[in-house]
Amino acid sequence: MENKQINFFTPKDFNSVLKPFKKGTVVKIDNLEVREKQNELSIGLYGWYAICPSREVKKNKIHYFSLFDEPLLLYRDEKNSIRCIKNICPHRGASFYGGSISNGVLTCPYHGAKFTSEGSCQNIDRITCSHIVDNNYDNYAKRIHLSQYKVLEIDGYVFIYFSDKAETNLNKINEETPIADYELANNGFRIADSVSEEVLVDFKCDWSRIIENHLDILHIFWVHGDTIPDKDVNKNILVSFNQKIKINKKYIESIYFYKNNPSKEFIRIKYIPPGRILIYKGDPKDSRYLQVLDHIPLGENKARVVVRHYRKFLKNKLLNNLILFKEIQKKIFYKIFDEDYMILKTQTYNHQLGLIKSDEIKLLGEDRIINYFWKWYKKSEERDNPWKHIKKSKELNVYDKIIFKYPPEIKKLELINNLNIIRKTFIRYAAPLILFLLIV
Ligand code: FES
Ligand SMILES: [Fe+2]
């Protein structure tokens, strides 16, 4: 058994690592000069969030979710474009839950107001009732509009631009960050050369804690050492790496090189705020796989993670089906998430109770990317104040139950997947064999 000392880039004094984050200082990190003020992330908590895969938003079906506890919904309008609407009917404030969508027209369940793709009401007479003395219907019609956020679809994902508030007129929304920054082709990975599988998991824990966990490379050897099918990710066989960090206005990137082969990348983690993390196996242009992790802050202590795994190997569809590769891959994802979840929910609990004091934890040099993330997050939270809609009650309410679609108990998802594996194995192998034996 090989047993070498794990050796990440470790500065003698961690304070020296914090210097680049102080105003106006220039510090050398791994031969890279970082000027804090010039390179600081310019994106805050308002921006583009990948909410779900495009295929999750089906015609004539409403997809409920929330962002920072603001209730929202997605649906396809008459032109098949996806709309993101604040889940409040502008007549009397009912939720659209229980309402319907037909050919892109959304109907409120309370008094039947119908909204067209432009978000304006089209049956005012019904909702104001003709017996009510209101001779100002036309003016009312001009005032009743759905509040919306901007939506775009790229790489098979639904992105919404979450900003200070939903607008009745989409033209009023000016995005500060271009959607192109999230496009995988612009991040060095050609999806056309690959195939993918994905899973969606909901967590009853803090959103930022999950991002922090995905930036924390050290844990993978220990927590997932027995699960990740990579010989270098192992509890017992320690391999040494050098870390290099890149920080600029659009993203932060942490690259790990093999110490015994300094030009060879082991893994590269790129965080594009607010919610996306890309994990490349090696240099993006030669990377055999890319993992895309989208973190969705549903609300306080509730988060969704969408993971899509693109790979350039084992692309043959027939072979994939025969060996149930997608299902086996999902099994690995669920196991990894379950391993993370145990750590995440208990760590979140400690933080919420204020049990962790800064002098009680000592960060390693490798953790400086996490430190950078926290500084950015705190600053962005203060600046953007996205938690305006936060619920006072800590109990799951009726809406939480609607939006928590992917059971937070990952065990349930694992069970569903395992049953699927048994069912498919039976159909593909056992049933034909039984049939063959019966015939013979
Ligand atoms: S509250 Fe929606 S139509 Fe009245
Ligand atoms: Fe993990």
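Helices here are DSSP runs of H or I that cover at least four residues, and they are numbered from the N terminus. With that in hand, E414 can be placed in helix α11, residues 410–439. Welcome to a predicted model whose protein chain has 11 helices and 18 strands. An iron ion (ligand 2) is held by two histidines and an aspartate, namely H219, H224 and D340. The points below go from the whole chain to the metal, the cores and a few local spots.

**The chain as a whole**
- The protein chain has 440 residues, and 49% of them count as buried.
- About 22,400 Å² of the protein chain is exposed, with 55% of that area supplied by carbon and sulfur atoms.
- Take the contacts between residues at least 6 apart in sequence: 62% of them join residues at least 24 apart.

**The iron site**
- Which atoms coordinate the iron ion (ligand 2)? They are NE2 of H219, NE2 of H224 and two OD atoms of D340, at 2.1 to 2.4 Å.
- Along the sequence, the donor residues follow the spacing H-x4-H-x115-D.
- The site ties together distant parts of the chain: H219 belongs to helix α6 (residues 218–223) and D340 to helix α8 (residues 325–352), with their positions 121 residues apart.
- Why is the arrangement irregular? The 4 donor atoms subtend angles of 58 to 147° around the iron ion, and a tetrahedral label would need all angles to lie between 85 and 135 degrees.
- For reference, four tetrahedral donors have ideal angles of 109.5 degrees at a metal.
- Buried or exposed, where do H219 and D340 fall? H219 has 13% relative accessibility and so counts as buried, and D340, at 3%, counts as buried too.

**Nonpolar cores**
- In soluble globular proteins, nonpolar side chains tend to be buried together.
- The largest nonpolar core in this model has 88 residues, and those with the most contacts inside it are L67, L74, I160 and F203.
- That core takes at least three residues from each of domain 1 (14–45 + 180–408) and domain 2 (47–172).
- Another core, of 19 residues, lies apart from it and has L73, Y75, F96 and C108 among its members.
- What does L67 touch, not counting residues up to four places away in sequence? Its partners are Y49, I51, L72, I160, F162, I296, P297 and L298.

**An enclosed helix**
- Helix α5 (residues 207–215) is largely enclosed by the rest of the structure, because 9 of its 9 residues are buried.
- The buried residues of α5 include charged and polar names such as R209, E212 and N213 as well as W207, I210 and L215.

**The loop between β4 and β5**
- F68 sits in the loop between β4 (63–67) and β5 (70–76), and D69 is found in that loop as well.
- F68 has a positive phi of about 50° although it is not a glycine, and D69, also no glycine, has a positive phi near 70°.
- With a relative accessible area of 0%, F68 is buried; D69 counts as buried at 11%.

**A cis peptide bond**
- The bond from P273 to P274 is cis, and its omega is near 5°.
- Where does P274 lie? The loop between β15 (261–272) and β16 (276–280) holds P274.

**Three more residues to look up**
- V195 is in strand β12 (residues 195–203) and counts as partly exposed because its relative accessibility is 23%.
- Neighbours within four places in sequence aside, V195 is in contact with H309, Y310, R311, F313, L314 and K315.
- V195 and N316 are 121 residues apart in sequence, yet their C-alpha atoms are 9.1 Å apart in space.
- E414 counts as buried at 16% relative accessibility, where the cut-off for buried is under 20%.
- Beyond its neighbours within four places in sequence, E414 is in contact with Y334, K335 and D338.
- S163 lies in the loop between β11 (157–162) and β12, and it counts as buried at 13% relative accessibility.
- Leaving out residues up to four places away in sequence, S163 touches Y46, Y149 and I173.
- The C-alpha atoms of S163 and E176 are separated by 9.8 Å, the two residues being 13 apart along the chain.

Methods:
Residues numbered from 1 in each chain as written. Chains lettered and ligands numbered in written order. Predicted model: local features only at pLDDT ≥ 70, side-chain atom pairs only at ≥ 80, totals over all residues. Heavy atoms only, no water. Donors = N, O, S within 2.8 Å, 3.2 Å for Na, K, Ca; no water. Tetrahedral: all angles 85-135°; square planar, octahedral: opposite > 155°, others 65-115°. Helix = DSSP H or I, 4+ residues; strand = E, 2+ residues; numbered from the N terminus. Buried < 20%, exposed > 50% of the residue type's maximum accessible area, 1.4 Å probe, protein only. Core = buried A, V, L, I, M, F, W, Y, C linked by side-chain atoms within 4.5 Å. Domains from an automatic or database assignment. Contact = heavy atoms within 4.5 Å. Areas by Shrake-Rupley, 256 points an atom, 1.4 Å probe, with all protein chains shown as cover.
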